[in-house]
Protein chains: 2
Amino acid sequence: MTEPTDLRDDFPDTPARRAVVSVVRSFGALTRLMGPHYASFNLTPPQFQMLTILNRLRGERITQRRLGRELYVSFPNVTVMLSRIETAGLIERKVNPADRRERFVRITPAGLALLKRIWKVQPMHLEHVTAGLTDPERIELARLLNKMIAGLPPATTEEEAIENRSTPEP
Amino acid sequence: MTEPTDLRDDFPDTPARRAVVSVVRSFGALTRLMGPHYASFNLTPPQFQMLTILNRLRGERITQRRLGRELYVSFPNVTVMLSRIETAGLIERKVNPADRRERFVRITPAGLALLKRIWKVQPMHLEHVTAGLTDPERIELARLLNKMIAGLPPATTEEEAIENRSTPEP
DNA sequence: CAAATATAGTTAAGTTATTAACTAATTGCT
DNA sequence: AGCAATTAGTTAATAACTTAACTATATTTG
């Protein structure tokens with residue numbers, strides 16, 4: 001069935017490509033499987049991630065820009081996501097009096113309570129979606145991924161694309 | 001300065017959790033970095049993925065449902081994505097006369113030409129975003145991720161894992 | 001000090017993603 | 001044959017996410 005000199009092979013199967021493709025596919029598979037789990041708490045996966053970050057940084061003065069960098073998400077998206085979970089009473093925003101451009105974001109007691117309820121069943125789901133790996137493999141996987149992204153720019157747009165200013169329209 | 005029994009530690013740092021968290025973070029970092037690369041060809045990353053799959057399966061009779069399973073994407077999303085790149089002339093859909101519910105999807109010569117242009121520079125970008133890893137590490141990373149998702153259901157909602165038994169490899 | 005510039009956040013338009021509800025076509029059952 | 005159930009695909013509503021363009025505040029500097 002397979003042609004030998006097929007155009008399908010024009011894209012060389014390098015180690016770099018295999019790594020990237022597998023990350024993309026795995027993310028799709030994992031979020032699809034975890035989605036219903038979070039939905040049962042009326043949360044989306046990104047909303048859960050947001051609450052998790054806010055909990056981890058609790059006590060610090062967390063700006064929205066920092067959240068964007070932590071979550072690898074654009075700043076406008078942080079605004080929109082926070083607005084939704086703020087309406088739900090899970091977080092609150094307060095303007096920094098010392099620099100009124102900034103808003104400090106904080107998880108509310110309600111948000112924390114929700115997080116704790118999720119944590120009760122979360123480990124089971126995480127075990128399930130990674131059931132194909134042993135514990136040492138899971139750790140090695142995390143190590144490799146963290147090593148990969150360690151050298152990458154945090155890249156929340158803008159800061160490195162600053163030269164794209166005053167571009168005339170065609 | 002660190003509190004010993006902090007609520008931040010309520011969520012245990014298991015190997016399974018580390019693995020999943022690192023996949024999610026890596027995906028965010030990678031797609032953010034690769035996005036501008038695809039944008040320079042007037043494509044989004046998912047659109048590129050779609051064309052790649054259509055090229056790999058070229059010659060086969062590819063239904064939209066199959067594309068959803070290959071891409072780990074919901075069926076309605078397949079419809080919408082295909083509509084856009086069909087308008088751009090990169091793919092075409094044709095109703096199967098033998099079963100008029102189905103549409104066979106095919107990459108057009110224009111779509112193939114675009115793919116080939118991207119392939120010329122793609123390897124460089126893939127090297128760049130995985131620069132933190134050696135080639136053996138990249139291969140090991142891909143192996144672990146593929147092993148992880150191998151046992152998971154294709155899960156495009158609805159049919160769940162029902163037809164997930166002994167599918168012959170392409 | 002005022003003007004230029006930089007920074008934090010929001011709004012707007014568009015793509016990608018989801019689930020739920022729908023249409024249309026085929027299969028299966030009696 | 002005829003009607004229920006299944007299957008492929010679409011449409012609708014909503015969330016996530018992007019870039020571009022905007023507001024408001026702070027800082028730099030001439």
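Buried means under 20% relative accessible area, exposed over 50%, and partly exposed in between, with a 1.4 Å probe and protein chains only. By that cut-off Ile91(A) is buried, with a relative accessible area of 2%.

This is a predicted model, in which local features need pLDDT of at least 70, side-chain atom pairs count only at pLDDT 80 or more, and totals for chains, interfaces and linings use all residues. Residues are numbered from 1 along each chain as its sequence is written, chains are lettered from A and ligands numbered from 1 in the order in which they are written, and side-chain values use heavy atoms, with hydrogens and water left out.

**Chain A**

Chain A contains six helices and three strands; helices (H or I, at least four residues) and strands (E, at least two) are DSSP runs, numbered from the N terminus. Along the sequence the pattern is α-α-β-α-α-β-β-α-α. Chain A has 170 residues, of which 43% count as buried. Its exposed area is about 9,500 Å², and carbon and sulfur atoms supply 55% of that area; accessible areas come from the Shrake-Rupley method with a 1.4 Å probe, and for residues only the protein chains shown count as cover. Contact means heavy atoms within 4.5 Å. Among contacts in chain A between residues at least 6 apart in sequence, 53% join residues at least 24 apart.

**Core and buried residues**

A nonpolar core is a set of buried Ala, Val, Leu, Ile, Met, Phe, Trp, Tyr and Cys residues joined through side-chain atoms within 4.5 Å. The largest such core has 92 residues, and Leu141(A) and Leu141(B) have the most contacts inside it. Apart from neighbours within four places in sequence, Leu141(A) is in contact with Leu133(A) of its own chain and with Ala19(B), Val23(B), Leu141(B), Leu144(B), Leu145(B) and Met148(B).

Three buried residues are paired below with a residue distant in sequence.

| Residue | Partner | Separation in sequence | C-alpha to C-alpha distance |
|---|---|---|---|
| Phe48(A) | Ile118(A) | 70 residues | 9.2 Å |
| Ile118(B) | His37(B) | 81 residues | 9.1 Å |
| Ile91(A) | Leu54(A) | 37 residues | 8.7 Å |

Phe48(A) lies in helix α2 of chain A and is buried at a relative accessible area of 3%. Not counting residues up to four places away in sequence, Phe48(A) touches Tyr38(A), Leu43(A), Leu115(A), Ile118(A), Trp119(A), Gln122(A) and, from chain B, Phe11(B).

Ile118(B) belongs to helix α5 (residues 109-129) of chain B and is buried at 0% relative accessibility. With residues up to four places away in sequence left out, Ile118(B) touches His37(B), Phe41(B), Leu43(B) and Phe48(B).

Ile91(A) sits in strand β2 (residues 91-95) of chain A. Beyond its neighbours within four places in sequence, the contacts of Ile91(A) include Leu51(A), Leu54(A), Leu82(A), Ile85(A) and Val105(A).

**Helix α3 of chain B and positive phi angles**

Helix α3 (residues 64-71) of chain B is mostly covered, with six of its eight residues buried. The buried residues are Gln64(B), Arg66(B), Leu67(B), Gly68(B), Glu70(B) and Leu71(B). Their cover includes α1 of chain A, along with α2 (45-56), α4 (75-87), β1 (91-95) and β2 (103-107) of chain B.

After α3(B) comes Tyr72(B), with a positive phi near 55 degrees. Tyr72(B) is in the loop between α3 and α4 of chain B and is buried, with a relative accessible area of 8%. Asn42(B), also not a glycine, has a positive phi of about 55 degrees. Asn42(B) is in the loop between α1 and α2 of chain B and is exposed, with a relative accessible area of 71%. Most residues other than glycine have a negative phi.

**Second largest pocket**

On a 1 Å grid over the protein atoms alone, a pocket is an open set of points where a 1.4 Å probe fits, with protein on both sides within 12 Å along at least five of seven lines; lining residues have an atom within 4 Å of a point. The second largest pocket has a volume of about 1,100 Å³, a volume being the space filled by probe spheres set on the points, which are joined across faces, edges and corners. Its lining has 42 residues, and Gln49(A), Leu71(A), Val21(B), Val24(B) and Arg25(B) lie nearest its centre. α1(B) gives the most to this lining, with 11 residues. The lining of the second largest pocket divides into 22 nonpolar, 10 polar and 10 charged residues; Ala, Val, Leu, Ile, Met, Phe, Trp, Tyr, Cys and Pro count as nonpolar, Asp, Glu, Lys and Arg as charged, and the others, Gly among them, as polar.
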